[in-house]
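Colleague: I would love a close look at one part of this model, namely the helices in the middle of the chain and the buried polar side chains around them. Could you walk me through it, starting from the overall order of elements?

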Amino acid sequence: MESFAEELMEELTAETVFTIPVFGGIAVAESVVVTWVIMAVFMLLILLLTRNLQVHNISKRQAALETFVTFIQNLTSDFVGEHGACYVPYLSTIIIYIGFANIVGIFGFKPPTKDLNVTAALAIMSIVLIESAAIRAKGGKGFIKSFAKPTPVMIPINIMEIVTRPLSLCMRLFGNILGAFTIMKLVELFIPAVAPAICSLYFDFFDGFIQAYIFVFLTGLFIREAIE
């Protein structure tokens, strides 16, 4: 169990892959490098899948691509409602990134979402977007007045929500991915034969995409509350 605890701590530690020699040295963590790899794969797929697009007599490749894009857009647009259509591209990008970032472990990479810094950055981006959406929809004065709704007594609680929302988004995503990793390591330790492969199908695929869905669903829900 001591070796298991040590391995778990190694996974939680953001390993530095290399250092950029500027401003005294900028450490580049493994999660950042893996994110770059995911971005490169996505860009390559985009270039390959969007070649020779047509309006009529489309190919099976284009039909499959349009089906996937339409599915993601319809899914995220349901979260924010008709008034939040301009936020659908962001939500679509985030759900695709988190979904694939959670399953890169099957290819030998460490999922970036195991790094608390990554989940915190995603949460902060989402909250900045949520508050920006509220200011854009209500105006500066309306945004400030919203803290006093439904009664002025709620001002401290409404202000606290600005802090607790990103914290909940961050820790929910990080905690679930870490929990899945811990369970997988325990299964590999006590039942090393067939169980790890079966559990991997759940934790690496199903649970990974579920966590991406929950993160984007909550972000979309908060945006919808902010603009309506």
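Modeller: Happy to! From the N terminus on, the elements of the protein chain follow the order α-β-β-α-α-α-α-α-α, which comes to seven helices and two strands. Please keep in mind that this is a predicted model. The protein chain has 228 residues, and 36% of them count as buried. Among its contacts with a separation of 6 or more, 65% are between residues 24 or more positions apart. Its accessible surface is about 13,800 Å², with 70% belonging to carbon and sulfur atoms.

Now to the helices. Helix α3 covers residues 60–80, and its axis comes within 9 Å of the axis of α4, the two crossing at roughly 115°. The crossing of α3 and α4 is right-handed. On the α3 side, the contact is made by F68, I72, Q73, L75, T76, S77 and V80, while α4 brings in V88, L91, S92, I95 and I96. Sorted by class, this contact of α3 with α4 has eight nonpolar and four polar residues, and no charged ones.

Moving along the chain, α4 (88–101) and α5 (116–145) are joined by a loop, and T113 is located in that loop. Is T113 buried or exposed? T113 counts as buried because its relative accessibility is 0%, where the cut-off for buried is under 20%. Its side chain does have a polar partner: the side chains of T113 and N102 make a polar contact at 2.5 Å. Setting aside neighbours within four places in sequence, T113 is also in contact with I98, A101, T119, L173, F174 and I177, besides N102 itself.

A second buried polar residue is found in helix α5, where S126 lies. S126 has 0% relative accessibility and therefore counts as buried. Which side chain does the side chain of S126 meet in a polar contact? The partner is Y90, at 3.1 Å. Not counting residues up to four places away in sequence, S126 touches L169, F215 and T219 as well as Y90.

To put the two sites side by side for you: T113 pairs with N102 through side chains, and S126 does so with Y90. Both T113 and S126 are at 0% relative accessibility.

Terms used
Residues are numbered from 1 along each chain as its sequence is written. This is a predicted model: local features need pLDDT of at least 70, side-chain atom pairs count only at pLDDT 80 or more; totals for chains, interfaces and linings use all residues. Side-chain values use heavy atoms; hydrogens and water are left out. Helices (H or I, at least four residues) and strands (E, at least two) are DSSP runs, numbered from the N terminus. Buried means under 20% relative accessible area, exposed over 50%, partly exposed in between (1.4 Å probe, protein chains only). A polar contact is a pair of N or O atoms within 3.5 Å; within protein, one must be able to donate a hydrogen and the other to accept it, and residues adjacent in sequence count only if both atoms are side-chain atoms. Contact means heavy atoms within 4.5 Å. Axes are lines fitted to C-alpha atoms, for helices over the stretch in contact, and angles run from 0 to 180 degrees between N-to-C directions. A crossing is left-handed if the near helix is turned anticlockwise from the far one by less than a right angle, and right-handed if clockwise. Ala, Val, Leu, Ile, Met, Phe, Trp, Tyr, Cys and Pro count as nonpolar, Asp, Glu, Lys and Arg as charged, and the others, Gly among them, as polar. Accessible areas come from the Shrake-Rupley method with a 1.4 Å probe; for residues, only the protein chains shown count as cover.
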